[in-house]
There are 2 protein chains.
Amino acid sequence: MVVRLDITDEELDKLFRALADTTRRDILRRTLVGEASVSALAGAYDMSFAAVQKHVAVLEAAGLVHKTTSGRERLVRADPEQIARARSLLVELESLWRHRLDRLDAILSEDLE
Amino acid sequence: MVVRLDITDEELDKLFRALADTTRRDILRRTLVGEASVSALAGAYDMSFAAVQKHVAVLEAAGLVHKTTSGRERLVRADPEQIARARSLLVELESLWRHRLDRLDAILSEDLE
DNA sequence: GAGACGTACAACCATTTGGTTGTAGGTTAG
DNA sequence: CTAACCTACAACCAAATGGTTGTACGTCTC
């Protein structure tokens with residue numbers, strides 16, 4: 001079964017925007033390997049708790065992570081589906097480029113006729 | 001030959017940032033299929049010439065497109081290498097997630113011992 | 001040479017972003 | 001119960017973003 005790539009431009013904007021920050025990419029790495037609480041994440045960076053909280057919120061709005069409640073903690077866990085969607089778009093773009101090369105080949109072949 | 005993924009965090013920030021805009025992704029599609037002048041691109045969008053010029057500049061700073069001079073025109077052409085780099089990072093992230101699943105499998109196996 | 005075309009770039013503006021501090025509320029430990 | 005911990009959220013601020021208009025300069029056409 002092939003995953004449908006029905007994703008709006010707005011969602012893609014949020015997705016790539018969320019990936020366009022070093023701290024957020026690092027949070028993604030950590031929560032892909034294993035879930036972590038917001039304060040555990042905050043302890044890893046040289047910025048305030050609230051700043052890290054905002055980064056997590058950006059990732060969450062992009063669908064890259066989800067939060068689950070566990071007592072007084074909120075555990076953050078990455079969701080690889082949105083990463084796959086972003087990758088799919090890049091693959092689509094690369095295929096456009098290959099298509100250009102194919103057309104170039106076709107034109108060169110025509111010249112030989 | 002494998003492409004080395006030596007790219008700084010700052011470059012990745014610019015790369016994903018450049019991809020996080022619908023107009024810029026569209027410019028990328030057009031210039032992947034075939035090169036286009038800045039004014040030709042500007043004619044395709046409902047915004048000023050200068051605005052499109054800025055979008056092209058963002059793509060250029062991220063290394064996603066290059067400009068060549070042809071008379072009074074500047075032809076914009078996409079470079080798929082940076083797209084491949086962004087894709088590589090996403091693949092790396094996805095592999096981290098698979099690693100988590102592997103660890104989970106290992107833990108479950110240990111319980112059976 | 002004159003005018004039209006294509007581009008670059010500066011100046012300006014509203015909004016968003018990424019950070020801060022402070023306040024408040026739910027949860028756990030002693 | 002009280003104190004410490006974890007989180008949420010508002011208010012604020014500087015800088016970046018995405019748009020605009022205006023000006024200037026090289027290039028093509030007639």
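Putting chain B and chain A together buries about 3100 Å², with carbon and sulfur atoms giving 63% of that area; buried area here is the accessible area (1.4 Å probe) that two parts lose on being put together, summed over both. The model is predicted, so local features need pLDDT of at least 70 and side-chain atom pairs count only at pLDDT 80 or more, while totals for chains, interfaces and linings use all residues. Residues are numbered from 1 along each chain as its sequence is written, chains are lettered from A and ligands numbered from 1 in the order in which they are written, and side-chain values use heavy atoms, with hydrogens and water left out.

On the protein–protein side, 34 residues of chain B are in contact with 34 residues of chain A, contact being heavy atoms within 4.5 Å. There are 8 salt bridges between the two chains, where a salt bridge is a side-chain nitrogen of Lys or Arg within 4 Å of a carboxyl oxygen of Asp or Glu. One of them joins B:Arg25 to A:Asp9, with the closest N and O atoms 3.8 Å apart. Polar contacts add 10 residue pairs between chain B and chain A, both partners at pLDDT 80 or more. A polar contact is a pair of N or O atoms within 3.5 Å; within protein, one must be able to donate a hydrogen and the other to accept it, and residues adjacent in sequence count only if both atoms are side-chain atoms.

Which elements of chain B give two or more residues to the side that touches chain A? They are helix H1 (9–19), helix H2 (22–33), strand E3 (73–78) and helix H5 (80–112), with helices (H or I, at least four residues) and strands (E, at least two) taken as DSSP runs numbered from the N terminus. H5(B) gives the most, at 15 residues. By class, this side of chain B splits into 18 nonpolar, 3 polar and 13 charged residues; Ala, Val, Leu, Ile, Met, Phe, Trp, Tyr, Cys and Pro count as nonpolar, Asp, Glu, Lys and Arg as charged, and the others, Gly among them, as polar.

Now to the DNA. Strand D has 21 residues around it, and A:Ser39, A:Gln53, B:Ser48, B:Lys54 and B:His55 come nearest; a residue is near a molecule or strand if one of its heavy atoms lies within 4 Å of it. Of the strand D atoms within 4 Å of the protein, 67% belong to sugar or phosphate and the rest to bases. Phosphate oxygens of strand D lie 2.2 Å from a polar side-chain atom of B:His55 and 3.0 Å from one of A:Gln53. A base oxygen of strand D, in turn, sits 3.4 Å from a side-chain N or O atom of A:Arg72. The surface near strand D divides into 6 nonpolar, 6 polar and 9 charged residues.

For DNA strand C, the nearest of the 21 surrounding residues are A:Ser48, A:Lys54, A:His55, B:Ser39 and B:Gln53. A side-chain N or O atom of B:Gln53 is 3.0 Å from a phosphate oxygen of strand C, and one of A:Arg24 is 3.2 Å from a phosphate oxygen of that strand. With A:Arg72, a polar backbone atom lies 3.4 Å from a sugar or linking oxygen of strand C. At least two residues each of the surface near strand C come from H4 of chain A and from helix H3 (38–42), H4 and E3 of chain B.
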